Amino acid sequence: MGGVASELVGASRERQSRKRKQFHTVELKIRMDCDGCELKVRNTLARMRGVESVEINRKQQKVTVKGFVEAQRVLRRAQSTGKRVELWPYVPYTNLYVAPPVYDKRAPPGHVRRVDALIAPAAGQEEHLATLFSDDNPNACSLM
């Protein structure tokens with residue numbers, strides 16, 4: 001009998017030691033043309049475990065999912081509908097005196113395209129180009 005009790009105590013410790021998921025808000029851009037598309041996306045995402053609410057703005061092609069979910073799982077689940085899906089690529093643009101970082105004519109009014117995803121890959125390339133003609137680089141251009 002003691003073996004069964006120790007197994008139950010061990011199982012409860014495992015449940016407590018698991019990391020609890022944090023509450024997240026995941027925004028997606030999904031192409032939806034009609035009520036049927038909207039209903040299909042809403043039902044698919046609302047049935048996920050941990051989802052508290054699903055808000056859809058068809059005019060902006062924006063879906064907001066709130067709950068105890070991970071962004072990548074929501075993205076994969078939304079892609080299972082057969083629609084073209086991406087994380088919401090726009091941020092609000094509030095400073096009128098500074099030029100917007102990246103102009104996108106498809107962006108909703110008052111929004112510009114998020115830049116952090118575009119800048120990160122270029123940073124490593126810039127360093128590579130700077131060392132291409134360096135005197136310290138043995139494989140540098142020999143014409144100089």
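Which residues does Lys62 touch, not counting residues up to four places away in sequence? In this predicted model, the partners of Lys62 are Glu27, Leu28, Glu55, Ile56, Asn57 and Trp88. Lys62 itself belongs to strand E3, which covers residues 62–67. With a relative accessible area of 16%, Lys62 is classed as buried, because the class takes in residues under 20% relative accessible area. One of the residues it touches, Glu27, also takes part in a polar contact: the side chains of Lys62 and Glu27 meet at 3.4 Å. Another, Leu28, is 34 residues away from Lys62 along the chain, yet the C-alpha atoms of the two residues are separated by 5.8 Å.

A second lysine, Lys29, is located in strand E1, formed by residues 24–30. Lys29 is buried but takes part in no salt bridge. The nearest side chain of opposite charge is that of Glu86, at 4.4 Å from Lys29; a salt bridge is therefore not counted here, as the cut-off for one is 4 Å. The side chain of Lys29 does, however, form a polar contact of 3.2 Å with the side chain of Tyr90. When neighbours within four places in sequence are left aside, the contacts of Lys29 comprise Gln61, Arg84, Val85, Glu86, Leu87, Trp88, Pro89 and Tyr90. Trp88 thus appears in the contact lists of both Lys62 and Lys29.

The strands that hold these two lysines, E3 and E1, are part of an open sheet of four strands. The order in this sheet is E2-E3-E1-E4, and the pairing is antiparallel. Strand E2 (51–57) and strand E4 (85–87) stand at the edges; each has a single partner strand, so one side of each lacks a neighbour in the sheet. On average, and with direction ignored, neighbouring strands of the sheet are turned by 25 degrees against each other.

Between E1 and E4, the antiparallel pairing extends over three bridges. Leu28, already described as a contact of Lys62, stands opposite Leu87 in E4. Two helices pack on the sheet. Helix H2, made up of residues 35–46, touches E1, E2 and E3, and its direction makes about 165 degrees with that of E2. Helix H3, made up of residues 71–79, touches E1, E3 and E4. The direction of H3 makes about 30 degrees with that of E1. Strands E1 and E3 are thus touched by H2 and also by H3.

How values were computed: Residues are numbered from 1 along each chain as its sequence is written. This is a predicted model: local features need pLDDT of at least 70, side-chain atom pairs count only at pLDDT 80 or more; totals for chains, interfaces and linings use all residues. Side-chain values use heavy atoms; hydrogens and water are left out. Buried means under 20% relative accessible area, exposed over 50%, partly exposed in between (1.4 Å probe, protein chains only). Contact means heavy atoms within 4.5 Å. A polar contact is a pair of N or O atoms within 3.5 Å; within protein, one must be able to donate a hydrogen and the other to accept it, and residues adjacent in sequence count only if both atoms are side-chain atoms. Lys and Arg count as positive and Asp and Glu as negative; His and the chain ends are not counted. Two strands pair if DSSP finds at least two bridges between them. Axes are lines fitted to C-alpha atoms, for helices over the stretch in contact, and angles run from 0 to 180 degrees between N-to-C directions.
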